[in-house]
Amino acid sequence: MLSDEGEIARVARESYAWLAPHDPASAVRRATVERGRTRALLIGGTLLFLMLFLFIPLAAVFTEALRNGVGAYVQAIVQPEARSAIALTLLTAAVAVPLNLVFGIAASWLITRFEFRGKNLLSAMIDLPLAVSPVIAGMIYVLLFGEQGWFGGWLAAHHIKVVFAVPGIILATTFVTCPFIARELIPVMEAAGREEEEAALTLGANGWQMFFRITLPNVKWGLLYGLVICNARAMGEFGAVSVVSGHIRGLTNTMPLYVEILYNSYDFAASFAIASLLTLLALLTLAAKSLLARRARRASEASPVHQSVKPAA
Amino acid sequence: MSIEVTHIRKSFGSFVALDDVTLAIPTGELVALLGPSGSGKTTLLRIIAGLEAPDAGLVRFDRAEATNLSARDRNVGFVFQHYALFRHMTVFENVAFGLRVRPRRLRPSEQKIRARVQELLGLVQLDWAGERLPSQLSGGQRQRVALARALAVEPRVLLLDEPFGALDAKVREELRRWLRRLHDELHITSVFVTHDQEEALEVANKVVVLNNGRIEQAGTPDELYHHPATPFVYNFLGNVNLFHGRVSDGRIYVRGVPIAVNGHELASADGKSAAVYVRPHLLEIHLTPQGENSFPATVSHINAAGPTVKVELISQWGDQLHAEVDHERFRELGLEPETVVHLSPRENRVFIQA
């Protein structure tokens, strides 16, 4: 902490030492590298923050989950209601993620490869699910497909149940996760450029050959990255799903909803056991994410576009 | 194969890239599209390739209409300025791509593909690089891979977009001589885009000069250099000195000083303004006045490094002028900065302005 004005002045002096022309050591040092005390302060502060908000809660999840021993932990996971929640979560992700994969590729293709009226609007609309609260996303589907909703009567007449049933959960999840793949893909496709695709065309490739042999390999790391993030969100979504689910145990409960139900019925160990599965998923996602980000960066460094193209003399 | 474009127009938003361009390229020619940036030369090349659709006008290959043919059906080889090599494929696979994407009944056997790729890599002197990735090659090598890849599909036309633009001067000179030789061997109709007049004049049989989306002049390098049709062409092909003057009594006066003009009919142009162009090596330097045929100027800078000596001067009315003399004449004159000399244009080109 900066205790007094003298201290502040000293830190400031050190921070801007690179400006002083008479200090020969500072000339060698990179201008953006902070000096000793400031650095310690920054690192310490960051670590403290991570401790308080990440490591301790993370550890708490696993300790609480295993409080009653490994037997109880396994018991909590394999009981029918838990298994059905896990199955529904997997099913939801298995439908929502491929849907968004197709949508994401189509949307980013459209936005990066074509000029058309309303392009900016489309680009903004893709972000809409990020901007609205997930609860509202759930409400939209209740409003449309619920019993009192716009299509409610028609659906009831045909004995189709959307809200408070699996289709509603999948719809809400798809809506909430729809920006993730497109958002990752658009900048990567932009950077890859059109030239290689044009080259493929002039060499006689048809549209599919161009897409699968040229476009896709060029954006694959960005695409996988988007898939991982999209999947994580699809499995972890709470708000939107909560509104359309109806919380029917064994039928319309996903893992996050089941965690809440267990918690509210004071079954803490079981609640944390399921939560630990979601946490594991998050950790795996993080690992995959950083791995993929590194691969993507390496791929873009190796691309001819970013290599030292000598300027025309 | 011959290429014909007629009355091509193309705009991007409010920018007119091509404005009624008509051009015929006979079979086997090596043609340069030359012009400053924004002149429409690359757009014209992309329209020929089918990568861009014209707003109006026709493209014909061998007299057959091709305007609505897609790029993949035109069978043209296109070489991009930044190579556009497939970065995730080896050099070998890059060259093989055009053969591998053919429909099954037209696709050569794996053995034939290998033989063809090896042959092409040999042609571009890169037979050792087949297993490399494009990122492991230098710019000049990448451009040769791009050329081999384009030739693999046996295109009827070869189109090159600023093929040497991204290379340094030495490699560029080597590559353009090499392209010239390659064309002499293969006789494939080729069109390349360049903004470098030296490159265009050296490599092409025929040069088309474009400016503001229009063709200024098309002809052999010799015709263009010695008989430029417009002031723009004169200006664009090589260094030039420009004098603005007014025609009076069959002579041209530049701020009151008469400029000698050889063999031009000026009688009918009385009172009109005129632009007089003189190439630097045709602007003679004398130490003494040459009667009415010379005007004084002061030497401002001398560059004697090179086959000729380049002299920069400032005319008595304040214009920057360039002259070139050989080393022998330079020593005879004993020029130094601040020397006052007398200039007489030996040959020049006059454009009367309406």
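How does His7(B) count, buried, partly exposed or exposed, with 13 C-beta neighbours inside 10 Å? His7(B) comes out as partly exposed, because a count of 12 or fewer would make a residue exposed and 20 or more would make it buried. Keep in mind that this is a predicted model. Below is a quick tour of chain B, its contact with chain A, and the confidence in chain A.

**Chain B overall**

- Chain B carries nine helices and 20 strands.
- Its C-alpha trace spans about 80 × 45 × 35 Å along the principal axes.
- Chain B has 354 residues, and 41% of them count as buried.
- If you take the contacts in chain B between residues at least 6 apart in sequence, 66% join residues at least 24 apart.

**The four-stranded sheet in chain B**

- Four strands make an open sheet in the order S2-S1-S4-S5 (chain B), and the pairing is antiparallel.
- Strand S2 (15–25) and strand S5 (64–65) of chain B sit at the edges, each pairing on one side only.
- Inside the sheet, strand S1 (residues 3–12) of chain B runs antiparallel to strand S4 (residues 56–61) of chain B, and five bridges join them.
- If you want a register marker, Arg9(B) has Ala56(B) in S4(B) as its bridge partner.
- Helix H1 (residues 41–49) of chain B packs on this sheet and touches S1, S2 and S4 of chain B. The direction of H1 makes about 120 degrees with that of S1(B).
- Ala53(B) belongs to the loop between H1 and S4 of chain B. Ala53(B) counts as exposed because just 12 or fewer neighbours are needed for that label, and it has 12 other C-beta atoms within 10 Å.
- Ala53(B) and Thr43(B) are ten residues apart in sequence, with a C-alpha to C-alpha distance of 9.5 Å.

**Two hairpins in chain B**

- Strand S16 (residues 295–303) and strand S17 (residues 309–315) of chain B run antiparallel and are joined by six bridges. Thr298(B) stands opposite Ile314(B) in S17(B).
- These two strands, S16(B) and S17(B), form a hairpin with five residues between them. In the turn, Gly306(B) has a positive phi of about 135 degrees.
- S17(B) also pairs with strand S18 (residues 320–325) of chain B, again in the antiparallel sense and over six bridges. Here Lys310(B) has Glu324(B) in S18(B) as its bridge partner.
- S17(B) and S18(B) make a hairpin too, with four residues between them. Its turn includes Gly318(B), with a positive phi of about 90 degrees.

**Backbone oddities in chain B**

- Most residues other than glycine have a negative phi.
- His7(B) is not a glycine, yet has a positive phi of about 50 degrees. His7(B) lies in strand S1 of chain B.
- Glu338(B), also a residue other than glycine, has a positive phi near 80 degrees. Look for Glu338(B) in the loop between helix H9 (327–333) and strand S19 (340–345) of chain B.
- Glu338(B) is exposed because 8 other C-beta atoms lie within 10 Å, and 12 or fewer is the cut-off.

**Where the chains touch**

- The contact draws 24 residues from chain A and 29 residues from chain B.
- On the chain A side, helix H11 (195–202) and helix H12 (207–236) each supply at least two residues. H11(A) gives the largest share of that side, seven residues.
- By class, the chain A side divides into 13 nonpolar, seven polar and four charged residues.

**Domains of chain A**

- Chain A splits into domain 1 (24–65) and domain 2 (69–302).
- Taken over C-alpha atoms, the centres of domain 1 and domain 2 of chain A are 32 Å apart.
- Five residues of domain 1 of chain A are in contact with eight residues of domain 2 of chain A. The domain 1 side of that contact has four nonpolar, no polar and one charged residues.

**Confidence in chain A**

- The average pLDDT of chain A is 82, and 85% of the residues score at least 70.
- Among the elements of chain A, H11(A) has the highest mean pLDDT (93), and helix H2 (residues 24–28) has the lowest (50).
- Residues 304–313 of chain A stay under 50 in pLDDT, and the model has 23 contacts beyond four places in sequence for them.
- Where pLDDT is low, the predicted coordinates should not be read in detail.

Conventions
Residues numbered from 1 in each chain as written. Chains lettered and ligands numbered in written order. Predicted model: local features only at pLDDT ≥ 70, side-chain atom pairs only at ≥ 80, totals over all residues. Contact = placed C-beta atoms within 7 Å. Nonpolar A, V, L, I, M, F, W, Y, C, P; charged D, E, K, R; others polar. Pairing = 2+ DSSP bridges. Axes fitted to C-alpha atoms, helices over the stretch in contact; angles between N-to-C directions. pLDDT = per-residue confidence, 0-100. Domains from an automatic or database assignment.
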